[in-house]
Amino acid sequence: MMRLIMSLTAVLAFVSAAAMRPSVDVFCRAPIDVVNYLPEYSRLDMVDYFDSGSRVASDSYLGNKIYITALDSMSLSYAVDDSVRVTIALLPAAADTLTMVVKELPAPIYDSTVNFYDSRWSPLSRSPLTPPRFSDWLKDKKRADAVAFDIPFVIATVDFDAASQRLVYTNRTECYFLDRERPAALSELLPELVFQWDGRRFSLLKQ
């Protein structure tokens, strides 16, 4: 009987947390490979730790230390071994609420990935985001060939602001070069690109 009561209490706690914060529900239902192999039984514990102001980390099946860094009703962010950053965000859409997962790897070279899923955590067959092209980063589009001669690609990290529904690509290309080797053409690139969610897709805002 006591075990039954404890089990019911745990279920009610989960339902309550999910009802108040949809992001928690999505996080707890995420496929294990999407959330860095976090055990399902650890995820609500992580939420409790965060709510209590604790930095206690949970262990993934791969031995990584993971803890939540930010949490609101529509998004949840966590850190993996104080290096990799992951944000899970809900995107209200006309037909279905989409889930976006942004992962940032800061070393050895900055890099971010952005993936989209439906409400059942199935990958979308068509992404609502077209990643920025090299030309999008140029302050002067006519200088494309000259800039590309010194800078063949742009490295960027991605952040999402749930309040404004904006996805921000931050230019990190200068980190690829040693101080003495940084080309002057770096100054011809925009520092960031901002994409706005409109309920269907992300659109690049004009600079």
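Reader: How many disulfides does a search of the whole structure find?
Author: Let's begin with the idea itself: a disulfide is a covalent bond between the sulfur atoms of two cysteines. The test applied here is a pair of cysteine sulfur atoms within 2.5 Å. Searching the whole structure gives a disulfide count of 0.

Reader: What is the mean pLDDT of the protein chain?
Author: This is a predicted model, where local features need pLDDT of at least 70, side-chain atom pairs count only at pLDDT 80 or more, and totals for chains, interfaces and linings use all residues. Residues are numbered from 1 along each chain as its sequence is written, and side-chain values use heavy atoms, leaving out hydrogens and water. The pLDDT is the predictor's confidence in each residue, from 0 to 100. In the protein chain 90% of the residues reach 70 or more, and the mean is 89.

Reader: Over which residues does pLDDT stay under 50?
Author: Where pLDDT is low, the predicted coordinates should not be read in detail. One stretch calls for that care: the model has 6 contacts (heavy atoms within 4.5 Å) beyond four places in sequence for it. The stretch with pLDDT under 50 is residues 3–19.

Reader: How many helices and strands does the secondary structure come to?
Author: Helices (H or I, at least four residues) and strands (E, at least two) are DSSP runs, numbered from the N terminus. From that end, the elements run α-α-α-β-β-β-β-β-β-α-β-β-β-β. The protein chain comes to 4 helices and 10 strands.

Reader: What is the order of the open sheet of 6 strands?
Author: Two strands pair if DSSP finds at least two bridges between them. In this sheet the pairing is antiparallel. The edge strands, each pairing on one side only, are strand 1 (58–59) and strand 6 (111–117). The order is 1-2-3-4-5-6.

Reader: Which residue of strand 6 stands opposite T99?
Author: Strand 5 (residues 98–105) and strand 6 run antiparallel and are joined by 7 bridges. Within strand 6, the residue opposite T99 is Y117.

Reader: Which strands does helix 2 touch as it packs on the sheet?
Author: Helix 2 covers residues 22–29, and its direction makes about 120 degrees with that of strand 4. Axes are lines fitted to C-alpha atoms, for helices over the stretch in contact, and angles run from 0 to 180 degrees between N-to-C directions. Helix 3 (residues 40–51) lies across strand 1 and strand 2, at about 55 degrees to strand 2. As for helix 2, the strands it touches are strand 2 (65–71), strand 3 (75–80), strand 4 (84–91) and strand 5.

Reader: How many of the 6 residues of strand 3 are buried?
Author: Buried means under 20% relative accessible area, exposed over 50%, and partly exposed in between (1.4 Å probe, protein chains only). In a regular strand the side chains alternate between the two faces of the sheet. Both faces of strand 3 are covered, with S75, S77 and A79 buried on one side and L76, Y78 and V80 on the other. Strand 3 is largely enclosed by the rest of the structure, because its buried residues number 6 of the 6.

Reader: Which residue of strand 4 is the bridge partner of S77?
Author: Strand 3 has pairings with both strand 2, over 5 bridges, and strand 4, over 6 bridges. In the first pairing, I66 stands opposite V80. In the second, the partner of S77 is T87.

Reader: Which residue takes a positive phi in the hairpin of strand 3 and strand 4?
Author: This hairpin has 3 residues between its strands. The residue in question is partly exposed, at 37% relative accessibility, and is in contact with N64 and K65, leaving aside neighbours within four places in sequence. With a phi near 55 degrees, the residue is D81.

Reader: Is Q165 buried or exposed?
Author: Q165 sits in the loop between strand 7 (156–161) and strand 8 (166–171). Beyond four places in sequence, its contacts include L90, F160, W197 and F202. At 15% relative accessibility, Q165 counts as buried.

Reader: In which order do the 4 strands of the other open sheet stand?
Author: This sheet is also antiparallel in its pairing. Strand 7 and strand 10 (202–204) are at the edges with a single partner strand each, so one side of each has no neighbour in the sheet. Strand 9 (residues 192–197) pairs with strand 10 over 3 bridges, and F195 has L204 as its bridge partner. The order is 7-8-9-10.
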